[in-house]
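Here are some short exercises to work through with the model open beside you. Try each task before you read its solution.

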Amino acid sequence: MTIYNEKLQYRCTIIRGKSKNDLDSLLSKYATIIQEICPCSKEDFKKQFNEKLSKILNSSKKTLDNHRTEIAGKLFGMFYTDVNETVYPSERTLRFLNSQDQPEFFKDICSRFQFPNGMDSTATLVKRVNDNISFKPFAFILEVLSIADKKGFNISKNEVAYFILNSLQVLQSKIQPDDVVNKIIVYRNNDIKVKVQTQGKETSYSMQHITEQLNLLELANLIRIEKGILFLNPLEKKAITYIRSLLNKKLAFDFLNYDLKDIEGRKKLFFDWQLYFAQIDKQGVNLFDTSVEAIQFNIKRKSKEGIDKIQLGDDGELFVYNYEKDRVSKYDSRLVNKVLMLGKTRGLGYDIQSIVADNSENSEFVQYIEVKSTIRISVPTQTEDGWIDSVNLTRNEWIAAIQHKQAFSIYRVYFTPEKVIIYIIKNPFEKKTNGSLKCTPMNYRLDFSPNSIDSKIEAIQT
C-alpha cells in the first residue's frame with residue numbers, strides 16, 4: 001500500500017488551448033472547414049484549412065498552424081491522416097456535425113483523454129512514461145467530486161489542482177479517490193490552505209494546465225465552477241456515472257507497446273494515437289447526448305436527477321412554436337391558430353408555419369420557419385473575432401427556401417445555461433445570391449443504369 005504524500009507535486013501539462021468561451025466557438029469554425037475540405041491530401045489540408053480560417057480569424061501563419069495542429073488536431077481530435085496521407089474528418093467531428101450537441105463532443109473527449117497521451121512532444125512523452133504516469137484525469141475528478149458530494153461538501157479548484165492534477169502519486173494511479181477526499185478533510189480540519197505554485201512563475205502559469213482540464217469538464221456540461229468551487233451537474237448523471245466507471249479499467253492506449261527509442265516506433269505510436277483519439281467512445285456515446293434541461297442546470301436551485309431527455313430538434317421546434325404563438329397573440333389573439341407546428345410532416349422543408357403579424361398590409365401573410373437548434377455552454381456573440389456558425393439543410397429545406405424566398409426564415413436556436421438565443425435569418429436564398437451567406441452542397445446522389453455496371457457478384461448463403 002502506498003502512503004499518500006500529497007507534497008510530491010508534478011506538473012503534467014496538456015495542450016494549451018484558448019479560453020473556455022473561445023473553445024466553444026472555435027469548435028463550430030473548425031468543423032465547418034473540415035467538413036468542406038475533407039477528404040484531401042495532407043498538404044492540401046494544411047493549405048486549405050489555413051486559408052479558410054484566415055478569412056475568419058485575422059491571425060498570423062504561426063497562430064493558424066497552432067489552431068490546425070494543436071487545438072483542432074491534437075486537443076479536439078477532429079481529423080486524422082491515413083497511411084496514404086489522406087486527411088479525413090474524425091468520428092467525433094462527423095457526429096457533432098449531425099447532432100449539433102457541443103457538450104456531447106466534449107464529453108467524448110473527457111472519456112477518451114488520458115495521461116500519457118500522443119498530444120505531447122516526444123521528449124515530454126518519454127518523460128511521462130519514465131515517470132510512470134498512468135492516469136485518467138476526468139474519471140478521477142468526477143469520482144472525487146461524487147464521493148465528496150455524498151459526504152456533504154464540495155471541492156475547490158485549488159484542491160483539485162493540488163491533490164489531484166498536480167499530485168505525482170495520483171498521476172501514477174497509486175492513490176485512490178477516497179484517499180484524496182480523506183486528505184482534503186484533514187487539511188480542512190486543520191485549516192490548511194493549498195495552492196499549486198511553480199517556483200519563479202506566476203500563478204497563471206502554475207494553474208494553466210489545471211484550468212485547461214477543468215475547462216473541458218465545464219464544456220462537457222458535467223460540472224459548473226462558481227467562485228472557485230466545483231459542482232457536479234446532477235442532470236448529467238448517466239454520463240458522469242459512465243466516465244467514473246472508466247477509472248478502474250486499464251488505459252485504452254498503452255504506450256508500453258511502443259519502442260520510444262526507435263524512430264519508426266515513435267512514428268507508429270503517434271500515428272496510432274491520432275487514429276485512437278479520432279474515434280468516439282462506442283460504449284459511452286449513447287449516454288453523452290445533452291438535454292435542454294441538463295444544459296440549464298443552475299447550482300443555486302435544486303434540480304431533480306434523471307430528467308428524461310428530449311430530442312434537441314423537438315425541443316427547439318417547441319420553443320420557437322411557443323415564441324411565435326406569443327408574438328402573434330400580442331399582435332392579434334384571434335390569429336394564434338394560424339401558427340402551426342409541422343415538423344413531423346415529411347417533405348415540407350420547414351417546421352413551423354406562422355404569419356408576419358405586424359402593422360403592414362402583409363400582416364396575415366404566411367411565414368415558413370425552419371428551426372435549427374444547438375446546445376453550447378457559452379453564449380454566442382456576434383461581436384467575437386471571426387464569429388461564424390453553420391447549419392445543415394436537407395434538399396427539401398433548401399427547395400423551400402428557394403420557393404418561398406422572403407416568406408422563409410431559418411431560426412437558429414442556441415440553448416445555453418444562461419439563456420436561450422434565437423438568430424433569425426430571413427430569405428436565406430436571397431442572402432446566398434448576394435453573397436452575405438454561403439451555401440455549399442455536401443452530398444451527391446449517383447443514379448446508375450445497367451450500362452454503367454461493370455460486373456456482378458452473387459453470394460449464396462450457406
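Two strands count as paired if DSSP finds at least two bridges between them. Keep in mind that this model is predicted.

**Exercise 1. Work out the strand order of the sheet that holds β4, β5 and β6, and find which strands stand at the edges.**

Solution.
Step 1: Start with β4 (residues 155–156), which is joined to β6 by two bridges, with the strands running antiparallel. That meets the requirement of at least two bridges. In this pairing, Ser 156 has Ile 229 as its bridge partner.
Step 2: Now take β5 (residues 223–226), which pairs with β6 over four bridges, again in the antiparallel sense. Here Ile 225 stands opposite Leu 230.
Step 3: Put the pairings together, and you have an open sheet of three strands in the order β4-β6-β5. β4 and β5 are at the edges; each has a single partner strand, so one side of each has no neighbour in the sheet.

**Exercise 2. Look at the hairpin and at the two faces of β6, and find the helix that lies across β5 and β6.**

Solution.
Step 1: Follow the chain from β5 to β6: two residues lie between the strands of this hairpin, and Lys 227 takes a positive phi near 55 degrees.
Step 2: Sort the side chains of β6 (residues 229–232) by face. Leu 230 and Leu 232 are on the covered face, while Ile 229 and Phe 231 are on the uncovered one.
Step 3: Look for the helix: α11 (residues 203–219) lies across β5 and β6, and runs at about 120 degrees to β5.

**Exercise 3. Classify the ring pairs Phe 76 with Phe 105 and Tyr 80 with Tyr 88.**

Solution.
Step 1: The whole structure holds 26 aromatic pairs. In one of them, Phe 76 and Phe 105 are 5.7 Å apart centre to centre, with 80 degrees between the planes, an edge-to-face arrangement.
Step 2: Place these two along the chain. Phe 76 is in the loop between α3 and β2, Phe 105 is in helix α5, and 29 residues separate them. Both Phe 76 and Phe 105 are buried.
Step 3: Turn to Tyr 80 and Tyr 88, whose ring centres are 5.6 Å apart and whose planes meet at 25 degrees, so this pair is stacked. Tyr 80 is partly exposed at 24% relative accessibility, and Tyr 88 is partly exposed at 29%.

**Exercise 4. Which rings have the charged ends of Arg 92 and Lys 201 over them?**

Solution.
Step 1: The charged end of Arg 92 sits over the ring of Phe 105, 6.0 Å from its centre. Phe 105 also belongs to a cluster linked by ring pairs, with members including Tyr 30, Phe 45 and Phe 76.
Step 2: For Lys 201, the ring is that of Tyr 205, with the charged end 4.8 Å from the ring centre.

How values were computed
Residues numbered from 1 in each chain as written. Predicted model: local features only at pLDDT ≥ 70, side-chain atom pairs only at ≥ 80, totals over all residues. Heavy atoms only, no water. Buried < 20%, exposed > 50% of the residue type's maximum accessible area, 1.4 Å probe, protein only. Contact = heavy atoms within 4.5 Å. Axes fitted to C-alpha atoms, helices over the stretch in contact; angles between N-to-C directions. Phe/Tyr/Trp six-rings, centres within 6.5 Å; stacked < 30°, edge-to-face > 60°. Lys NZ or Arg CZ within 6 Å of the ring centre and 35° of its normal.
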